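Here are some short exercises to work through with the model open beside you. Try each task on your own before reading its solution.

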Amino acid sequence: MSPSLFWVIAIFVFAVAEAATVGLVSIWFAVGALAGFVVSFFTGNLWIQAGVFLLVSFLALVGIKPLADKFFTSRGHQPTNADRVLGQEGVVLEAVCNLENRGRVQVLGQDWTARSETGEDIQAGATVTICRIEGVKLFVAPKP
């Protein structure tokens with residue numbers, strides 16, 4: 001097998017592995033294999049090609065990965081429809097008691113399971129402020 005064919009196969013394998021994982025796992029090696037492929041036209045020495053492959057893979061990993069991580073994590077928190085209840089006022093439909101693991105609140109026309117943010121019991125009919133969401137539970141605080 002010619003070195004050029006070896007590098008084409010390596011590029012393909014690393015690209016398929018990257019497509020399967022979608023986590024920036026093997027793209028660096030695909031870039032290194034591309035460099036090895038280009039070098040294979042200038043020298044038949046497999047050691048030089050492998051050295052270029054390792055060097056370019058390492059440089060791509062060290063140089064580009066931090067930029068890629070920053071790009072993908074800089075998108076921030078993606079709000080959901082549930083986030084719109086945060087900071088809103090709601091009415092307690094069923095008394096909120098953390099010890100008994102019960103409580104329901106209506107906010108923006110929707111019923112939610114609720115727990116007390118402060119740990120104190122909140123009676124039915126009370127007005128509360130939505131502090132946070134964990135899963136499908138609202139954590140509420142009594143409105144003074």
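**Exercise 1.** Decide whether Cys97 is buried or exposed in this predicted model.

*Solution.* Start with the value: Cys97 has a relative accessible area of 6%. Buried means under 20%, so Cys97 is buried. Now try Cys131: its relative accessibility is 36%, so it counts as partly exposed.

**Exercise 2.** Find how many disulfides the structure holds.

*Solution.* A disulfide needs two cysteine sulfur atoms within 2.5 Å. For Cys97, the nearest cysteine sulfur belongs to Cys131 and is 17 Å away, so by the 2.5 Å cut-off Cys97 is in no disulfide. The structure holds zero disulfides.

**Exercise 3.** Work out which strands each supply at least two residues of the largest nonpolar core.

*Solution.* First, list the members: this core has twelve residues, including Val92, Val105, Trp112, Val128 and Val140. Next, match members to strands: E1 (89-97), E2 (102-107), E3 (110-116), E4 (127-134) and E5 (137-142) each supply at least two. Finally, look around Val128: among the residues it touches are Val92, Val105, Ile122 and Val140.

**Exercise 4.** Describe how helix H1 (residues 3-21) and helix H2 (residues 27-39) are placed relative to each other.

*Solution.* Begin with the axes, which come within 8 Å and cross at roughly 165°. Angles over 145 degrees count as roughly antiparallel, so H1 is roughly antiparallel to H2. Then add the handedness: the crossing is left-handed. Last, find the contact, where H1 contributes residues including Trp7, Ala10 and Phe14, and H2 contributes residues including Phe29, Ala33 and Phe37.

How values were computed: Residues are numbered from 1 along each chain as its sequence is written. This is a predicted model: local features need pLDDT of at least 70, side-chain atom pairs count only at pLDDT 80 or more; totals for chains, interfaces and linings use all residues. Side-chain values use heavy atoms; hydrogens and water are left out. Buried means under 20% relative accessible area, exposed over 50%, partly exposed in between (1.4 Å probe, protein chains only). A nonpolar core is a set of buried Ala, Val, Leu, Ile, Met, Phe, Trp, Tyr and Cys residues joined through side-chain atoms within 4.5 Å. Helices (H or I, at least four residues) and strands (E, at least two) are DSSP runs, numbered from the N terminus. Contact means heavy atoms within 4.5 Å. Axes are lines fitted to C-alpha atoms, for helices over the stretch in contact, and angles run from 0 to 180 degrees between N-to-C directions. Angles under 35 degrees count as roughly parallel, over 145 as roughly antiparallel, 65 to 115 as roughly perpendicular and the rest as oblique. A crossing is left-handed if the near helix is turned anticlockwise from the far one by less than a right angle, and right-handed if clockwise. Lists of a residue's contacts leave out its neighbours within four places in sequence.
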